[in-house]
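Dear colleague,

I am handing over the structure we spoke about, and I would be grateful if you could look through it alongside the notes that follow. They go through the helices, the strands, the aromatic side chains and the backbone in turn.

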Amino acid sequence: MELRELAELVVKEALRLGADEVAAEAVRSISRQVRFANNEVTVSKTWDALEIHVYLAKDRRVVGTSLANIQPEAIRKALSDLMSLLAVMKERPDYAPLPQGPFDYEPVPGLYDERLAKLGEKSIDMVEAAINKALEAGGKRVAGTFAFGEEELFLLTSRGVEASDRKTKAELVVRALADGESAGVGLTCGTRLKDLDPELAGDEAGRYAKLSLRLEKLDAGRYDTILGRPAAAVFFDIVAGMASAFYVDSGLSCLTGKLGQEIASEVVSVYDDARLEGGLGSRPFDDEGLPTARKPIVERGVLKTYLHNSITAKRHNTSSTANAGWVVPRPWNVVVQAGDRSDEELLAEVRRGLLVNNITYVRFQDYAKGDFSAVIRDGVFLVEDGEIKTGVKGLRLSDNVLNMLKSVQALSKEARQTAHWWMEWGSPAVVTPLVLIEQVGFTVPTK
């Protein structure tokens with residue numbers, strides 16, 4: 001069944017059953033993954049999926065679900081069950097109708113590359129190029145994943161919205177081990193074949209692994225710290241995620257009540273840009289059908305915008321920012337405004353501190369305050385007088401989101417699109433430079 005047919009079936013049947021409003025988003029995806037370990041490809045798989053996401057409203061009650069069984073009878077049964085559920089739900093005091101269409105959408109350039117869609121077995125060549133470069137740079141054992149594919153979606157609502165989009169995307173993450181605990185990570189991602197640089201990813205992984213051959217323990221304390229791009233992506237993914245009005249209202253954000261306030265150093269500007277050329281998260285429209293746009297989240301240190309869908313906008317007495325998510329408004333592409341220094345110049349500013357290439361396993365002790373801790377890995381180094389002296393082990397990052405934002409001193413001038421599995425707040429991509437933060441807190445894990 002074609003995407004349009006699926007969406008039309010849902011909308012027509014839900015209206016027949018008595019729904020006031022319906023939105024249906026049919027999505028077809030072809031996903032391929034090449035996994036590699038111990039310097040060779042171990043697994044190559046392909047998934048072909050077709051599903052439909054459904055939003056229903058009746059008498060100010062709202063429900064949504066996703067359906068993997070797209071047989072017509074299964075869809076009708078699911079819609080009937082949803083209508084029964086709506087009948088026993090409570091009315092939403094913050095209910096807002098879906099936007100009234102139709103709308104005009106300007107296409108976003110660079111989102112579909114036929115060469116990437118048809119990459120096929122040539123993906124092995126790219127993986128091998130990354131492995132070889134990692135070994136050449138100093139790694140001994142190389143592992144990782146290369147995930148790529150294409151996605152097509154069609155959105156239809158009962159309020160005049162009809163929109164479609166098609167995208168290719170790829171993410172290559174390379175992890176190299178030199179010996180024992182010494183490890184490094186490198187990555188490359190994009191929507192077009194020309195965006196991908198497997199040799200750069202491999203070189204960074206191997207180089208950081210080699211630099212980590214000698215590891216020393218440091219005392220707990222505060223250190224001037226440069227976040228590598230994988231680490232910075234994790235951090236700004238949190239910042240943008242906490243700007244979602246859903247998390248603001250749920251008490252899971254340290255940005256609650258701070259709109260219009262200075263929450264960061266004046267050198268920090270962070271944007272949500274759904275229209276970024278070649279952006280992994282770029283889309284001409286959100287899940288409610290509103291045309292998307294670029295908008296500031298933080299500008300020169302000031303919190304400018306919460307991210308809204310129609311319901312959260314109603315609750316905040318404002319307009320939707322076209323970031324639906326029917327339930328959770330979300331960023332599309334997080335863009336961190338770059339600085340004016342090269343990577344080397346930024347490193348030279350550190351008299352005694354740390355370079356942290358990657359952050360993983362972020363855990364919050366207090367979401368509302370922003371207190372968190374995280375594992376640091378894949379290249380953690382002591383820096384003295386602008387030079388990497390030795391690898392570091394035994395520390396855990398333990399600080400506060402707002403404290404780190406206010407302590408940003410400088411950013412490098414090369415921003416790269418970054419995406420990897422440790423970005424747990426759901427941003428499809430973060431475009432980020434290196435980030436120098438003053439006096440970041442680190443603890444020694446207790447047994």
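A residue is called buried here if its relative accessible area is under 20%, exposed if it is over 50%, and partly exposed in between. Tryptophan 422, at 16% relative accessibility, therefore counts as buried. Please keep in mind throughout that this is a predicted model.

**Aromatic side chains**

Tryptophan 422 is a useful place to begin, since its ring forms a pair with that of tyrosine 361. The count of aromatic pairs comes to 13. In the pair of tyrosine 361 and tryptophan 422, the ring centres are 4.6 Å apart and the planes stand at 55°, so the pair is classed as tilted. This pair links distant parts of the chain, with tyrosine 361 in strand β13 and tryptophan 422 in the loop between β18 and β19 (430-432), 61 residues apart. Whereas tryptophan 422 is buried, tyrosine 361 is partly exposed, with a relative accessible area of 39%.

Ring pairs also link Phe246, Tyr247, Phe364, Tyr367, Phe372 and Trp425 into a cluster. Two arginines are placed over aromatic rings: arginine 166 lies over the face of tyrosine 112, at 3.7 Å from the ring centre, and the charged end of arginine 294 sits over the ring of tyrosine 271, 4.1 Å from its centre.

**Strands**

The strands β18 and β19, which flank the loop of tryptophan 422, belong to an open sheet of six strands in the order β11-β10-β9-β12-β19-β18, with mixed pairing. At the edges of this sheet stand β11 (302-303) and β18, each with a single partner strand, so that one side of each is left without a neighbour in the sheet. The strands β18 and β19 run antiparallel and are joined by three bridges, and threonine 418 stands opposite valine 430 in β19.

Elsewhere, strand β2 (residues 40-58) and strand β3 (residues 61-67) run antiparallel and are joined by seven bridges, with leucine 67 in β3 as the bridge partner of isoleucine 52. These two strands form a hairpin with two residues between them, and aspartate 59 in the turn has a positive phi of about 50°.

**Helices**

Helix α1 (residues 3-16) has 14 residues, which at 1.5 Å a residue should span 20 Å, and its end C-alpha atoms are indeed 20 Å apart. Its buried residues are Leu3, Leu6, Ala7, Leu9, Val10, Val11, Glu13 and Ala14, and these pack against β1 (21-37), β2, α2 and β4 (141-157). Just after α1, glycine 18 takes a positive phi of about 110°.

Helix α5 (residues 198-211) also has 14 residues, and the distance from its first C-alpha to its last is 20 Å, close to the 20 Å expected. In α5 the buried residues are Pro198, Ala201, Gly202, Glu204, Ala205, Gly206, Tyr208 and Ala209. Their packing partners include α4 (122-137), β5 (162-179) and β6 (182-190), and among them are also β13 (352-366), β14 (371-384) and β18 (416-418).

**Backbone features to check**

Which residues are joined by a cis peptide bond? One such bond joins glycine 101 and proline 102, with omega about 0°, and proline 102 is placed in the loop between α2 (72-88) and α3 (114-117). Another joins alanine 324 and glycine 325, with omega about 15°, and glycine 325 lies in the loop between α8 (310-315) and β12 (334-336).

The loop between α8 and β12 also holds asparagine 317 and alanine 322. Asparagine 317 has a positive phi of about 60° although it is not a glycine, and alanine 322 likewise has a positive phi of about 60° without being a glycine. Asparagine 317 is exposed, with a relative accessible area of 73%, whereas alanine 322 counts as buried at 5% relative accessibility.

**Cysteines**

The count of disulfides comes to zero. Cysteine 189 counts as buried at 5% relative accessibility, and cysteine 254 counts as buried at 0%.

With best regards

How values were computed: Residues are numbered from 1 along each chain as its sequence is written. This is a predicted model: local features need pLDDT of at least 70, side-chain atom pairs count only at pLDDT 80 or more; totals for chains, interfaces and linings use all residues. Side-chain values use heavy atoms; hydrogens and water are left out. Helices (H or I, at least four residues) and strands (E, at least two) are DSSP runs, numbered from the N terminus. The expected span of a helix is 1.5 Å times one less than its number of residues. Buried means under 20% relative accessible area, exposed over 50%, partly exposed in between (1.4 Å probe, protein chains only). Contact means heavy atoms within 4.5 Å. A disulfide is a pair of cysteine sulfur atoms within 2.5 Å. Rings of Phe, Tyr and Trp (its six-membered ring) pair if their centres lie within 6.5 Å; planes under 30 degrees apart count as stacked, over 60 as edge-to-face and the rest as tilted. A charge sits over a ring if NZ of Lys or CZ of Arg is within 6 Å of the ring centre and within 35 degrees of the ring normal. Two strands pair if DSSP finds at least two bridges between them.
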